[in-house]
Amino acid sequence: TGRQPRYAASANGKVYITAYDGTVSAIDTTSLSVSQVIPVGPNPEGILVYNNKLFVANSGGFNAVPDSTVSVVDLNSNTEVARLVVGVNPQQLAVNSTGDVYVTSFGNFTSIPPSVTVINGNNNTVKQQLGPNYQFDHVRIYNDIAYFYNSYATTGTRVKTYDTHTGSVVRSEFITDGTTVSVVYGVDFDADNGDVYICDAGNFSDPGKVTCFSSEGIKKFSFSVAPGINPKKTLFLR
């Protein structure tokens with residue numbers, strides 16, 4: 001159909017998939033069929049579920065002027081109930097334990113830098129936009145600590161950590177032992193021990209690597225993903 005699927009989230013026996021045709025498709029995991037197609041904003045990217053609602057980042061990435069909104073979809077009715085203005089070209093979302101949804105936006109790659117907006121996921125309102133020291137295009141949250149990074153940056157901060165409850169910086173640079181990471185392309189967490197796995201895209205053409213750090217930012221080990229390039233995600237088998 002040319003929908004160009006992007007990201008997925010699951011809830012209530014369904015998988016919800018964003019697509020570049022401006023929709024979210026609900027797939028029934030029992031019948032493996034599309035049960036509903038929900039209109040949202042243009043070129044949606046990241047999606048998450050909180051409080052029986054979908055939060056969808058509408059990038060508008062194919063438009064001359066990118067979009068700057070997040071759609072809120074009520075999963076009781078599968079309809080959009082709010083559209084909130086955030087940074088330009090929103091991409092990724094993460095939520096903490098109290099319902100603060102962090103949205104990272106790419107900007108326009110020239111005059112408008114990346115940004116971070118916080119949404120109150122309980123009442124569907126924009127809570128705040130973090131200041132100029134938070135020009136990051138990706139966010140992950142673990143134990144209510146946000147890990148901010150830029151997925152294409154070859155200089156500057158690798159990963160910045162931020163307490164989502166106190167609104168304060170934990171560490172301006174997560175890595176504390178001098179370990180070099182060229183390009184942070186993905187961040188994941190081992191729930192058993194709190195270890196942080198950082199995917200390194202390197203130069204985007206040679207095989208990348210994954211490095212495991214303690215929660216204190218100290219390297220434990222690393223491994224190459226050869227022959228693969230641009231590692232993005234780490235999964236843990238229990």
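Reader: Is Lys-127 buried, exposed or partly exposed in this predicted model?

Author: Lys-127 counts as partly exposed, because its relative accessibility is 48% and the partly exposed class ends at 50%. Asp-100, by contrast, is buried, with a relative accessible area of 7%.

Reader: Which residue forms a salt bridge with Lys-127?

Author: Side chains of opposite charge can pair when their charged atoms come close. Here the partner of Lys-127 is Asp-100, and the closest N and O atoms are 3.0 Å apart. Asp-100 belongs to strand β10 and Lys-127 to strand β12, so the salt bridge ties together parts that are 27 residues apart in sequence.

Reader: How many salt bridges does the count come to?

Author: The count comes to eight salt bridges. Among them is the one in which the side chains of Arg-171 and Glu-216 meet, at 3.9 Å from N to O. Arg-171 counts as buried at 18%, whereas Glu-216 is partly exposed at 49%. In addition, a network of salt bridges links Arg-140, Asp-188 and Lys-233.

Reader: Which residues are the closest to the centre of the largest pocket?

Author: Rolling a probe the size of a water molecule over the atoms shows where empty space is left. The largest pocket holds about 500 Å³ of space. Its lining has 20 residues, and Gln-92, Leu-93, Val-139, Arg-140 and Lys-233 are the closest to the centre. The lining divides into 12 nonpolar, four polar and four charged residues.

Reader: What is the order of the strands in the open sheet of four?

Author: Strands of a sheet pair through backbone hydrogen bonds, either parallel or antiparallel. In this sheet the order is β17-β18-β19-β20, and the pairing is antiparallel. The edge strands, β17 and β20, each pair on one side only.

How values were computed:
Residues are numbered from 1 along each chain as its sequence is written. This is a predicted model: local features need pLDDT of at least 70, side-chain atom pairs count only at pLDDT 80 or more; totals for chains, interfaces and linings use all residues. Side-chain values use heavy atoms; hydrogens and water are left out. Two strands pair if DSSP finds at least two bridges between them. Helices (H or I, at least four residues) and strands (E, at least two) are DSSP runs, numbered from the N terminus. On a 1 Å grid over the protein atoms alone, a cavity is a set of points where a 1.4 Å probe fits but cannot get out, and a pocket is an open set with protein on both sides within 12 Å along at least five of seven lines; lining residues have an atom within 4 Å of a point. Grid points are joined across faces, edges and corners, and a volume is the space filled by probe spheres set on the points. Ala, Val, Leu, Ile, Met, Phe, Trp, Tyr, Cys and Pro count as nonpolar, Asp, Glu, Lys and Arg as charged, and the others, Gly among them, as polar. A salt bridge is a side-chain nitrogen of Lys or Arg within 4 Å of a carboxyl oxygen of Asp or Glu. Buried means under 20% relative accessible area, exposed over 50%, partly exposed in between (1.4 Å probe, protein chains only).
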